[in-house]
Amino acid sequence: DEDKIDKINRVHLVEEYNKTSIYEIDKRKELISKMFKNNEKSCIIEPPFHACWGGKNVTIKAGAYLSYNCTMVDDGNIEIGYNTIIGPNVTICTTNHPIEMQDRVKGILYISDVKIGNKVWIGAGTIILPGVTIGDNSVIGAGSVVTKSIPANVVAFGNPCKVIKTIDN
């Protein structure tokens, strides 16, 4: 099956990326250009990085920075905007499971895309759940669990994540 082969190849690229050193900048850029949906080389990803589909359904725009131990459950599409900063130990999920046990054991999944805007800062240890959109220029505080979409130009944090204040730009 073509999808399985693609997944294996991309996961292999992620494994190879995670073995690189900080001094292998060109190798990292080349691997990044192959891992993700788009061919962006100017983003920075600190290993280790994890993605179920090896980044197949992920678009990362120019200037984005992903710190250590970013995990993406990329069964659905994940988009990360220009100059966005993602702190260490952040998890971005596009997949959810049914509440009913009989549906879970059948392997039923619910997939909803995640979109993170431009110039967003996601604090360390944040979890972003399926279907969430985070607007441009917003800041998500460390340790937040983002269960609902967050508008542009705000500071939001908590579990569940809530808007605390507007940012004047």
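One open sheet in this predicted model has 5 strands in the order β2-β5-β8-β13-β16, paired in parallel. A second open sheet, also parallel in its pairing, has 4 strands and runs β3-β6-β11-β14. Beyond the sheets, here's what to look at: a nonpolar core, two cis peptide bonds and a pair of asparagines with positive phi.

**The 5-stranded sheet**
- The edges belong to β2 (49-51) and β16 (145-146), and each of these strands pairs on one side only.
- Further in, β8 (residues 91-93) and β13 (residues 127-128) pair in the parallel sense, with 2 bridges between them.
- If you want to find that pairing on screen, go to Thr91, whose bridge partner in β13 is Ile127.

**The 4-stranded sheet**
- β3 (58-60) and β14 (133-134) are the edge strands here; each has a single partner strand, so one side of each has no neighbour in the sheet.
- Strands β6 (residues 78-80) and β11 (residues 114-116) run parallel and are joined by 3 bridges.
- A handy marker for this pairing is Glu79, which stands opposite Lys115 in β11.

**The nonpolar core**
- In soluble globular proteins, nonpolar side chains tend to be buried together.
- The largest nonpolar core in this model counts 35 residues, and the ones touching the most other members are Phe49, Leu66, Met72, Ile80, Ile92 and Ile116.
- Helices and strands both feed into this core: α1 (2-18), α2 (25-35), β2, β3, β5 (70-73), β6, β11 and β17 (154-157) each supply at least two residues.
- Take Met72 as a way in: leaving aside residues up to four places away in sequence, Met72 touches Phe49, His50, Ala51, Cys52, Val58, Leu66, Ile78, Ile80 and Ile92.

**Backbone oddities**
- As a yardstick, most residues other than glycine have a negative phi, and most peptide bonds are trans.
- The Pro47 to Pro48 peptide bond is cis, with omega near 0°, and Pro48 sits in the loop between β1 (44-45) and β2.
- Another cis bond, again with omega near 0°, links Asn159 to Pro160; look for Pro160 in the loop between β17 and β18 (162-166).
- Asn83 has a positive phi, near 55°, and lies in the loop between β6 and β7 (85-86). Its relative accessibility is 45%, so Asn83 counts as partly exposed.
- Asn89 has a positive phi too, near 60°, and is found in the loop between β7 and β8. With 42% relative accessibility, Asn89 counts as partly exposed.

Conventions
Residues numbered from 1 in each chain as written. Predicted model: local features only at pLDDT ≥ 70, side-chain atom pairs only at ≥ 80, totals over all residues. Heavy atoms only, no water. Pairing = 2+ DSSP bridges. Core = buried A, V, L, I, M, F, W, Y, C linked by side-chain atoms within 4.5 Å. Buried < 20%, exposed > 50% of the residue type's maximum accessible area, 1.4 Å probe, protein only. Contact = heavy atoms within 4.5 Å.
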